[in-house]
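Hi everyone, thanks for making time. I'd like to walk you through a structure that may be new to you, so let's put it up on the screen.

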Amino acid sequence: MPPHPYAGLDLLDTPVMIVERNGQLHYANPASENLLGISHKGLKKHTLYEHFHHPRALKNAVQMALDHAGSFIEHDLEVSPEGDHPLHIGLTVTPIDGPVRLALVEMRPIEQQLRIVNEERLLLQQQANRELIRNLAHEIKNPLGGIRGAAQLLEHEIADRPELLEYTGVIREEALRLQSLVDRLLAPHRRHIANDVNIHEVLERVRSIILAEYPHGLQVRRDYDISLPMLAADKEQLIQVVLNIGKNAVQAMQGSGELVFRTRVARQVTLARKRHNLALKLQIIDNGPGIPEEIRNHVFYPLVTGRAEGTGLGLTLAQTFVHQHGGTIEFESRPGYTCFTVLMPFGPDQ
């Protein structure tokens with residue numbers, strides 16, 4: 001049997017398809033099948049556009065290339081294959097001359113590049129936040145001591161007027177509260193102490209704390225890979241990371257819902273510009289209302305919170321501790337589903 005006319009495209013790693021204007025598929029290489037998770041036979045049962053939830057941008061690209069007899073290039077296009085999560089791709093559509101006007105469609109997944117760019121952006125943001133917080137905390141800390149000292153001296157002067165002591169007490173208590181806040185702002189900049197840590201011991205500790213505080217209406221489900229190796233990490237900082245994320249989730253659910261702690265191994269990942277054979281993939285998932293749209297792009301910024309009583313420091317501290325361990329933290333959120341994913345290297349020997 002002679003090879004089909006596009007046999008050479010079968011060897012490409014880049015997903016390539018050949019379609020008519022209406023999306024009718026003439027050819028799709030194996031990389032396309034992998035990208036869309038559909039066999040060649042399944043692909044050809046429908047037009048290219050029918051395999052996507054929102055194909056307008058893709059359809060316009062094919063039509064533009066054919067109408068203008070020139071290549072159409074889109075460097076970052078989000079497409080939504082049926083039954084899968086949205087994908088970010090680089091798209092190139094090139095017209096093919098022949099009896100029937102065809103277009104060669106190349107789709108290059110760029111998720112990894114976007115993840116690296118986003119990680120570098122978060123690192124720069126976190127460094128800027130750290131410098132801002134350090135300077136601000138020191139500026140606040142100095143006058144606080146003077147305020148507390150002045151309040152104590154004032155109490156001695158008005159000791160015979162108990163109706164005024166209430167006001168100096170408020171001054172001292174508020175100064176102490178601000179002192180505690182400043183200490184929390186400065187805490188992440190202290191060096192962490194690394195020891196061998198079992199991540200599941202950390203998760204069990206946090207699970208106990210959360211269930212003790214919310215004994216009714218909350219389920220904390222375990223989904224552990226017990227074969228994971230030990231982490232070289234600061235146990236107390238890891239507890240704080242999981243506790244901050246977990247308590248945020250429970251408070252968003254108002255103490256009633258499901259929280260899932262999931263551990264997996266991630267292989268061949270790049271974290272903080274370093275390649276690691278093995279890394280911990282820790283996911284903290286809840287079925288609450290989701291993170292408000294207006295703060296999603298700033299959720300790791302200090303003092304940003306969706307709750308009136310919140311300090312806006314929990315996720316900032318979590319991000320700082322994870323970065324100090326050479327890891328990354330990111331999230332996905334929609335109503336009914338929020339997932340924070342922490343990736344952290346096990347160590348140079350793993």
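Before anything else, one term: when I say two residues are in contact, I mean that they have heavy atoms within 4.5 Å. And please keep in mind that what you see is a predicted model.

Okay, the overall picture. The protein chain has eight helices and twelve strands. Of its 350 residues, 42% are buried. If you take the contacts between residues at least 6 apart in sequence, 61% of them join residues at least 24 apart.

Let me start with helix α7, and in it with N244. Which residues does N244 touch, once we leave aside its neighbours within four places in sequence? They are G314, L317 and A318. Is N244 buried or exposed? It's buried, because its relative accessible area is 10%, and the cut-off for buried is under 20%.

Those partners of N244 take us to the packing of α7 against helix α8, which covers residues 314-324. In general, you describe two packed helices by the angle between their axes and the distance between the axes. Here the angle is about 145° and the axes are 9 Å apart. The crossing of α7 and α8 is left-handed. On the α7 side, the residues that meet α8 are Q237, Q240, V241, N244, I245 and N248. On the α8 side we have G314, L315, L317, A318, F321, V322 and Q324. Sort the residues of this contact by type and you get seven nonpolar, six polar and no charged.

If you look at the spacing of those positions, there's a general point to remember. An α-helix has 3.6 residues a turn, so residues three or four places apart point the same way.

How much of α8 is buried? Ten of its eleven residues are, so the helix is mostly covered. The buried ones include T316, Q319, T320 and H323, along with residues we've just met, such as L317 and F321. Just after α8 comes G326, with a positive phi of about 75°.

Back to α7 for another residue, I239. I239 counts as buried, at 5% relative accessibility. Not counting residues up to four places away in sequence, I239 touches V202, R205 and V206. Take R205 as an example: I239 and R205 are 34 residues apart in sequence, yet their C-alpha atoms are 7.6 Å apart in space.

Now the nonpolar cores. The largest one has 42 residues, and those with the most contacts inside it are I199, I210, L231, I245 and F261. Two or more residues come from each of several elements, including α6, α7, α8 and the strands β9 (257-271) and β10 (274-286). Which element gives the most to this core? That's α7, with eight residues. Zooming in on I199, and again leaving aside neighbours within four places, its contacts are L228, L231, L238, T263, L280 and L282. Apart from this core lies another one, of 24 residues, with L25, L35, V62 and V79 among them.

Last topic, the charged pairs. Side chains of opposite charge can pair when their charged atoms come close. How many salt bridges does the structure hold? Nine.

One of them joins the side chains of E155 and R172, at 2.9 Å from N to O. That pair links distant parts of the chain: E155 sits in helix α4 (residues 111-157) and R172 in helix α5 (residues 162-186), 17 residues apart. R172 counts as partly exposed, at 29% relative accessibility.

Another is E201 with K235, at 3.5 Å from N to O. Here the link runs from helix α6 (residues 199-213), with E201, to helix α7 (residues 235-252), with K235, and the two residues are 34 apart. E201 is partly exposed, with a relative accessible area of 45%, and so is K235, at 33%.

Then there's E332 with R334, at 3.0 Å. E332 is partly exposed at 36% relative accessibility, and R334 is partly exposed too, at 39%. Finally, D223, R262 and R264 are linked in a network of salt bridges.

If you take one thing back to your desk, let it be α7: it packs against α8 and gives the most residues to the largest nonpolar core. Thanks, and I'm happy to take questions.

Methods:
Residues are numbered from 1 along each chain as its sequence is written. This is a predicted model: local features need pLDDT of at least 70, side-chain atom pairs count only at pLDDT 80 or more; totals for chains, interfaces and linings use all residues. Side-chain values use heavy atoms; hydrogens and water are left out. A salt bridge is a side-chain nitrogen of Lys or Arg within 4 Å of a carboxyl oxygen of Asp or Glu. Helices (H or I, at least four residues) and strands (E, at least two) are DSSP runs, numbered from the N terminus. Buried means under 20% relative accessible area, exposed over 50%, partly exposed in between (1.4 Å probe, protein chains only). Axes are lines fitted to C-alpha atoms, for helices over the stretch in contact, and angles run from 0 to 180 degrees between N-to-C directions. A crossing is left-handed if the near helix is turned anticlockwise from the far one by less than a right angle, and right-handed if clockwise. Ala, Val, Leu, Ile, Met, Phe, Trp, Tyr, Cys and Pro count as nonpolar, Asp, Glu, Lys and Arg as charged, and the others, Gly among them, as polar. A nonpolar core is a set of buried Ala, Val, Leu, Ile, Met, Phe, Trp, Tyr and Cys residues joined through side-chain atoms within 4.5 Å.
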